[in-house]
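I opened my notebook to look around a protein model, one small stop at a time. Come along and check each stop on your own screen.

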Amino acid sequence: MNRQELADLIFPDARDISYYEEKYPERNLPEGAVVTRFAPSPTGFVHIGALEQCIVETSLVKKNGGVLILRIEDTDQKRKTENGVQGIIDSMKDFDIVFDEGMISETESSGDYGPYIQSQRKEIYEAYAKYLLANDRAYPCFASEDELAAMRKKQEEAGVNNIGYYGKWAIYRDLPVDEAAERIRNGDSYVIRFRAMGREDGRITHKDMVKGKVEMPQNILDIVIIKGDGLPTYHFAHAVDDHLMRTTHVIRSSEWFPSVPLHLELFHALGFKAPKYCHYAPMLKSEAKTDESGAVVLDENGAPVMFKRKISKRKDPEAAVGYYHREGIPAESVKEYLMTIANSDFEMWRQNNPDADLFDFPFALKKMSTTEGALFDMDKLIDVSKNVIATFSAERVYDEVYAWAQRYDEMLFVMLQQKNYSLRVFGIERGAEIKKKRKDIGRWSDVRDYISYMYDDLFDSVQIEYEYQLISEPEMLERIFTLYPEEYYNPEDDSQQWFERIKDLAERLGYAREVKIWRKAKDEWPGHVGDVSTALRVGLTGRRNTPDLYQIMQVMGPDRVRARLRTARDAAAQK
């Protein structure tokens with residue numbers, strides 16, 4: 001029996017690979033167009049690093065009419081979760097990631113290069129595995145778990161540098177074809193292994209699109225390409241799929257970089273042109289070191305000793321993209337932040353192009369981090385989000401907060417039923433005509449606390465602590481809260497007239513009418529107009545820091561303003 005006959009025995013129904021080469025032809029795309037894929041496993045939530053990858057891929061394909069594919073790699077059936085594919089699709093939709101082809105639901109797909117779920121491509125993998133078997137680049141391996149464990153033990157005892165199935169340790173690598181056929185006919189369990197041709201002292205030179213030119217060891221491992229259940233391993237499946245889907249660029253975390261020699265050898269053995277590999281550093285998180293008791297380790301100055309690690313699905317809630325929706329961080333904010341991680345010059349570009357689409361940014365693979373990944377910084381993300389939300393109209397803020405609150409915050413949702421009033425609340429210091437944008441909201445989960453003072457039910461439901469600044473004497477506060485609504489407040493005033501009246505009140509009470517006057521002779525005045533307006537601000541809102549007080553009062557309306565000031569007056573009288 002020859003190797004072709006052995007291949008026919010193992011895969012009797014497999015088609016010749018020419019069938020698939022004809023079925024999946026080269027794509028008719030503009031020159032230089034990027035074809036890439038997002039290829040997650042349906043084994044749980046989508047990682048924030050995967051979203052970064054999708055943003056990078058989208059940036060590349062949008063440049064020149066390329067194609068972004070959603071392919072599902074589910075060859076590990078044991079880890080597959082129910083509705084895992086739909087979960088991936090929904091997660092990407094939440095961030096407005098649009099795929100040009102691939103899966104569009106748990107069971108449906110769109111495109112001419114499918115199936116887009118690996119478990120449905122079994123016959124394709126069989127054809128290419130058969131091709132490798134016939135050409136002596138693969139062989140059946142009958143090694144049991146006990147045999148593999150014994151092999152690893154011997155390798156450890158011998159102190160070999162490379163633990164694995166290869167060379168003299170590959171006990172079934174050179175099994176005669178006839179003997180292999182007999183064992184197959186007898187029903188012995190087996191897998192199909194790739195026959196590596198590398199040497200332990202051999203080297204290859206590889207040009208990565210992010211890392212540049214790199215020298216690496218040749219692949220020596222005879223990896224499994226078809227498992228006992230008939231499904232392929234990731235390594236083999238990705239080579240076949242990327243070739244037939246005509247992938248030009250494989251973009252992935254640098255943790256896959258050591259696999260490059262193996263993947264390149266697989267492409268070569270199959271007669272494929274390898275795609276361009278792009279390996280970028282994964283995101284990291286800074287964390288304080290702890291000792292065995294769990295106590296934080298301090299340095300000689302008493303500061304925590306910090307170390308960096310990859311963001312963990314197990315440890316870090318922010319690893320899951322769903323976390324950002326629960327927190328109410330808009331999709332645009334997350335994408336903007338991830339782009340700052342992917343290319344360090346994005347922030348400067350955004351400053352110069354505040355209204356441009358995210359994907360107009362001239363993204364460059366060579367500017368991605370090659371060694372140590374960027375530190376994930378939640379505070380930085382919230383700052384970015386504040387800038388993003390500052391560009392939203394009041395209507396958009398209301399709509400997005402309403403949708404978020406309906407799912408996550410019942411109390412806020414009830415407040416927002418007052419739609420017209422709420423639109424006016426969100427319109428404070430917001431709008432195209434406002435030069436200095438309001439930047440106090442970074443996520444929808446903060447909104448209730450930010451605007452609760454504008455709603456009587458929430459304002460009255462808590463014990464208001466009036467924390468005044470310079471003016472804190474009860475008698476003076478009573479005078480301010482009595483005189484202002486009775487003699488100085490006019491809801492018809494414009495902002496300039498409104499402030500002139502507060503100046504008049506300040507002067508009447510013995511305070512400097514202008515801050516600049518007070519600064520020139522601080523000893524002559526107990527304070528200035530700003531101190532009086534602060535007292536009014538605290539009386540009306542219970543807070544010392546708010547958006548523009550004039551706009552707040554306009555939205556509150558005269559009845560609410562007068563009622564709040566009466567409450568503040570009575571509270572001062574009781575001190």
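My entries below go through a sheet, some salt bridges and a few backbone oddities.

**Entry 1: a sheet**

I noted before anything else that this is a predicted model. Then I looked up a sheet: 3 strands make up an open one, in the order β5-β6-β9, with antiparallel pairing. A reminder to myself: strands of a sheet pair through backbone hydrogen bonds, either parallel or antiparallel.

Which strands sit at the edges? They are β5 (138-141) and β9 (224-226), and each of them pairs on one side only. I also checked the turn between neighbouring strands of this sheet, which is 45° on average, with direction ignored.

Next I went through the pairs. Strands β5 and β6 run antiparallel and are joined by 4 bridges. Within that pair, I found A138 opposite F194 of β6. On the other pairing, β6 (residues 191-194) meets β9 over 2 bridges, again in the antiparallel sense. There I found R193 with V224 of β9 as its bridge partner.

Is β5 covered on its faces or open? I found both faces covered. A138 and P140 lie on one side, Y139 and C141 on the other, and all are buried.

**Entry 2: salt bridges**

How many salt bridges are there? My count came to 41, taking a Lys or Arg side-chain nitrogen within 4 Å of an Asp or Glu carboxyl oxygen.

I picked out K285 and E318, whose closest N and O atoms are 2.7 Å apart. K285 belongs to strand β12 (residues 284-288), while E318 is in the loop between β13 (306-310) and α10 (322-327), so this salt bridge ties together parts that are 33 residues apart in sequence. Is E318 buried or exposed? Its relative accessibility is 9%, so I wrote it down as buried, since buried means under 20%.

I then looked at D316 and R309, whose side chains meet in a salt bridge at 2.8 Å, N to O. Both D316 and R309 are buried.

My next pair was E514 and K503, with 3.0 Å from N to O. E514 lies in the loop between α20 (495-508) and α21 (515-520), and K503 is in helix α20, so the salt bridge links parts that are 11 residues apart in sequence. The two partners got separate notes on burial. E514 has a relative accessible area of 24% and is partly exposed, whereas K503, at 9%, counts as buried.

I also found a network: R37, R71, E73, R121, D241 and D242 are joined by salt bridges that share partners.

**Entry 3: backbone oddities**

Why did I stop at these spots? Most residues other than glycine have a negative phi, and most peptide bonds are trans, so exceptions caught my eye.

The peptide bond from G114 to P115 is cis, with omega near 0°. I located P115 in the loop between β4 (109-110) and α5 (122-134).

R246 is not a glycine, yet its phi is positive, about 60°. I found R246 in the loop between α8 (234-244) and β10 (249-253). With a relative accessible area of 10%, R246 is buried.

E429 has a positive phi too, near 55°. The place of E429 is the loop between α16 (419-426) and α17 (447-451). Is E429 buried or partly exposed? At 23% relative accessibility, I put E429 down as partly exposed.

Terms used: Residues are numbered from 1 along each chain as its sequence is written. This is a predicted model: local features need pLDDT of at least 70, side-chain atom pairs count only at pLDDT 80 or more; totals for chains, interfaces and linings use all residues. Side-chain values use heavy atoms; hydrogens and water are left out. Two strands pair if DSSP finds at least two bridges between them. Axes are lines fitted to C-alpha atoms, for helices over the stretch in contact, and angles run from 0 to 180 degrees between N-to-C directions. Buried means under 20% relative accessible area, exposed over 50%, partly exposed in between (1.4 Å probe, protein chains only).
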